[in-house]
Structure formats: C-alpha cells, structure tokens
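Let's take a walk through this protein together, one element at a time. Have the sequence and the 3D view open as you read.

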Amino acid sequence: MTTARALLLSLESVLQPLAAIPVAQVRRAEELCTSGGVTVTQVTPNSADVQVRDAAQVRRVTVMMIAGRLTTLCDCPHRDEGPCPHRVAALVALRQHMTSR
C-alpha cells in the first residue's frame, strides 16, 4: 500500500498545476469520469493504464512514474500538443480511483 500512496502523492503534485489548464477542459474531464467514459484498467506500484472514450474511439493513456516524476502517454493525434483531454481525464480518474480505496 505504501507504493500506491507514493503514486497518489506524485499524482497530486501533478494535478495541482491543473490550474494552468482551462477550467472547461478540467470540468469536461470530470464530467467524462462521472458519466463512466473513463476506466482505470490496471494499476501497479509505478504505472496505470486508463481507457478514455472519445466519440466512437477508445483512447489509451498510460501514467508512469519515471525517476520519481509522473509521465503520461496518450495514443491520440494531439498527444504532442500538451495535456490532451484524454490525459487530463485519465489523471482525474486515477486520482478518484486512488482516493476511493
């Protein structure tokens, strides 16, 4: 359980800068999580896999701890343009998943 807590603490440190992301994008991510559009499929001590429904497609997001830093990868075409909505939704869902345990 200690390693899961460490992931949560690192996740929280990344979620704090969400203030730099437009509020509408964060709210959309929260709504998507609430409506069941985001599924945390696997959590290990240093990574998590999350599926995010985007219209007719399912996007896959991987959240990993690398050298003590949280890193996110998304398979969408906007993955290199900063925090895509799928990454934001994955982080929100993972935070909810980790805090509900």
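Contact here means heavy atoms within 4.5 Å. With that in mind, and remembering that this is a predicted model, start at Ala-89. Leaving aside residues up to four places away in sequence, Ala-89 touches Ala-29, Leu-32, Cys-33, Val-38 and Val-52. Ala-89 also belongs to the largest nonpolar core, a group of 23 residues. Along with Val-38, Val-52, Val-61 and Val-63, Ala-89 is listed among the residues with the most contacts inside that core. At least two core residues come from each of α2 (23–34), β2, β3, β4 and α3. The top contributor is α3, which gives eight residues.

Now turn to the sheet. Four strands form an open sheet in the order β1-β2-β3-β4, and the pairing is antiparallel. At the edges sit β1 (38–43) and β4 (69–74), each of which pairs on one side only. From one strand to the next, the twist averages 20°. Helix α3 (residues 85–99) packs on this sheet and touches β1, β2, β3 and β4, with its direction at about 65° to that of β1.

You can trace the pairing strand by strand. Between β1 and β2 (residues 47–54) there are five bridges, and the two strands run antiparallel. Thr-39 has Gln-51 in β2 as its bridge partner, and Gln-42 is matched with Asp-49 in β2. The hairpin that joins β1 to β2 passes through three residues.

On the other side of the sheet order, β3 and β4 pair in the antiparallel sense over six bridges. Here Val-63 stands opposite Thr-72 in β4. The hairpin of β3 and β4 has two residues between the strands, and within this hairpin Ala-67 takes a positive phi near 50°.

Which side chains of β4 are buried, and which are not? Leu-70, Thr-72 and Cys-74 point to one face and are buried, while Arg-69, Thr-71 and Leu-73 point to the other face and are not buried. This is a pattern to look for elsewhere too: in a regular strand the side chains alternate between the two faces of the sheet.

Next, look at Arg-59, which lies in strand β3 (residues 57–66). Is this arginine buried or exposed? Arg-59 has a relative accessible area of 14%, so it counts as buried, the cut-off being under 20%. Its side chain makes a polar contact of 2.4 Å with the side chain of Gln-57. Beyond four places in sequence, Arg-59 touches Val-50, Gln-51, Val-52, Asp-54, Cys-74, Asp-75, Cys-76, Pro-77 and His-86.

Finally, consider the cysteines. How many disulfides does the structure hold? It holds zero. Why does Cys-84 form no bond with Cys-74? The closest cysteine sulfur to that of Cys-84 is the one in Cys-74, and because the two are 3.7 Å apart, they are too far for a bond; a disulfide needs the sulfur atoms within 2.5 Å. Cys-84 is buried, with a relative accessible area of 3%. Cys-33, one of the residues that Ala-89 touches, is also buried, at 11% relative accessibility.

Technical notes
Residues are numbered from 1 along each chain as its sequence is written. This is a predicted model: local features need pLDDT of at least 70, side-chain atom pairs count only at pLDDT 80 or more; totals for chains, interfaces and linings use all residues. Side-chain values use heavy atoms; hydrogens and water are left out. Buried means under 20% relative accessible area, exposed over 50%, partly exposed in between (1.4 Å probe, protein chains only). A polar contact is a pair of N or O atoms within 3.5 Å; within protein, one must be able to donate a hydrogen and the other to accept it, and residues adjacent in sequence count only if both atoms are side-chain atoms. Two strands pair if DSSP finds at least two bridges between them. Axes are lines fitted to C-alpha atoms, for helices over the stretch in contact, and angles run from 0 to 180 degrees between N-to-C directions. A nonpolar core is a set of buried Ala, Val, Leu, Ile, Met, Phe, Trp, Tyr and Cys residues joined through side-chain atoms within 4.5 Å.
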